[in-house]
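Visitor: Please take me through this structure, one step at a time. Keep it brisk.

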Amino acid sequence: MDAVTALAGSGPAFVYRFLSALTKAGEDIGLSAEQATQLSLAMVSGATALAESSGVDPDALAARVTSKGGTTAAGLAILDQDDALRTLIANTLRAARDRGVGYVFQHDALLRHMSVADDVESALRVRRVKRADRLSRRV
């Protein structure tokens with residue numbers, strides 16, 4: 001469930017942050033704030049609609065709109081260098097997922113009538129962690 005929360009629950013904020021960065025970068029290369037905002041929103045909306053309706057893998061869609069040696073290829077080279085974008089997104093989702101686990105313990109832990117070990121095991125049980133795994137995590 002933490003992975004679902006990281007991607008689907010926290011994901012909208014990550015998309016908004018991407019939109020903000022895209023807009024600010026558009027301004028940095030000479031667009032007005034209004035132009036950068038409108039173009040960024042329209043582009044993300046259109047790209048999302050096509051990805052949803054086409055049934056085509058996003059990497060294949062990217063390849064379809066990329067001319068060899070063209071402007072899109074130059075930008076993708078930066079995103080793809082050392083797998084930079086995928087690594088950034090993977091690290092972002094891991095941080096959100098891992099915080100989700102800690103959040104359970106922050107808010108559900110330390111029930112006064114239980115020992116710390118029983119309390120941690122209880123939180124793991126709520127998260128449907130198998131008994132053997134719960135016992136191996138006891139302090």
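Visitor: Which helix does L41 lie in?
Guide: Helices are DSSP runs of H or I with at least four residues, strands are E runs of at least two, and both are numbered from the N terminus. By that rule, L41 lies in helix α3.

Visitor: What kind of model is this?
Guide: Residues are numbered from 1 along each chain as its sequence is written, and side-chain values use heavy atoms, with hydrogens and water left out. Local features need pLDDT of at least 70, side-chain atom pairs count only at pLDDT 80 or more, totals for chains, interfaces and linings use all residues, and the model itself is predicted.

Visitor: Which class of accessibility fits L41?
Guide: Buried means under 20% relative accessible area, exposed over 50%, and partly exposed in between, using a 1.4 Å probe and protein chains only. L41 has 47% relative accessibility. Therefore L41 counts as partly exposed.

Visitor: How many Å apart in space are L41 and T23, C-alpha to C-alpha?
Guide: Start with the sequence. L41 and T23 are 18 residues apart there. In space, C-alpha to C-alpha, their separation is 8.7 Å.

Visitor: And how many Å apart in space are A21 and S40?
Guide: A21 has its place in helix α2, while S40 lies in helix α3. The two are 19 residues apart in sequence. Their C-alpha to C-alpha distance is 9.7 Å.

Visitor: Is S40 buried or exposed?
Guide: Take A21 for contrast: at 45% relative accessibility, A21 is partly exposed. S40 has a relative accessible area of 6%. So S40 is buried.

Visitor: Which residues is S40 in contact with, leaving aside its neighbours within four places in sequence?
Guide: Contact means heavy atoms within 4.5 Å. Set aside the neighbours within four places in sequence, and S40 touches L19, L22 and T23.

Visitor: How many helices does the protein have?
Guide: Along the sequence, the pattern reads α-α-α-α-α-α-α-α. The number of strands is zero. The number of helices is eight.

Visitor: What share of the protein do buried residues make up?
Guide: The protein has 139 residues. S40 is one buried residue, at 6%. In the whole protein, the buried share is 15%.

Visitor: Among contacts between residues at least 6 apart in sequence, what share joins residues at least 24 apart?
Guide: Begin with every contact whose residues are at least 6 apart in sequence. Then keep those that join residues at least 24 apart, and the share is 27%.

Visitor: How many residues does α3 give to the lining of the largest pocket?
Guide: A pocket is an open set of points on a 1 Å grid over the protein atoms alone, where a 1.4 Å probe fits and protein lies on both sides within 12 Å along at least five of seven lines; lining residues have an atom within 4 Å of a point. The space in the largest pocket is about 2000 Å³. Its lining has 41 residues, and the closest to its centre are F18, M43, A47, L79 and L85. α3 gives the most to this lining, and its residues number 10.

Visitor: Where does D82 lie?
Guide: Phi of D82 is near 55 degrees, a positive value in a residue other than glycine. D82 is exposed because its relative accessible area is 71%. D82 lies in the loop between α5 and α6.

Visitor: What is phi of D83 near?
Guide: D83 also lies in the loop between α5 and α6. D83 is partly exposed, with a relative accessible area of 36%. Phi of D83 is positive, in a residue other than glycine, and near 60 degrees.

Visitor: Which residue does D83 meet in a salt bridge?
Guide: A salt bridge is a side-chain nitrogen of Lys or Arg within 4 Å of a carboxyl oxygen of Asp or Glu. The partner of D83 is exposed, with a relative accessible area of 51%. The pair is 2.8 Å apart, N to O, and the partner is R86.

Visitor: How many salt bridges does a search of the whole structure find?
Guide: One joins D83 and R86. Another joins R97 and D98, at 2.8 Å, N to O. R97 is partly exposed at 33%, and D98 is partly exposed at 43%. The search of the whole structure gives a total of two.

Technical notes:
Grid points are joined across faces, edges and corners, and a volume is the space filled by probe spheres set on the points.
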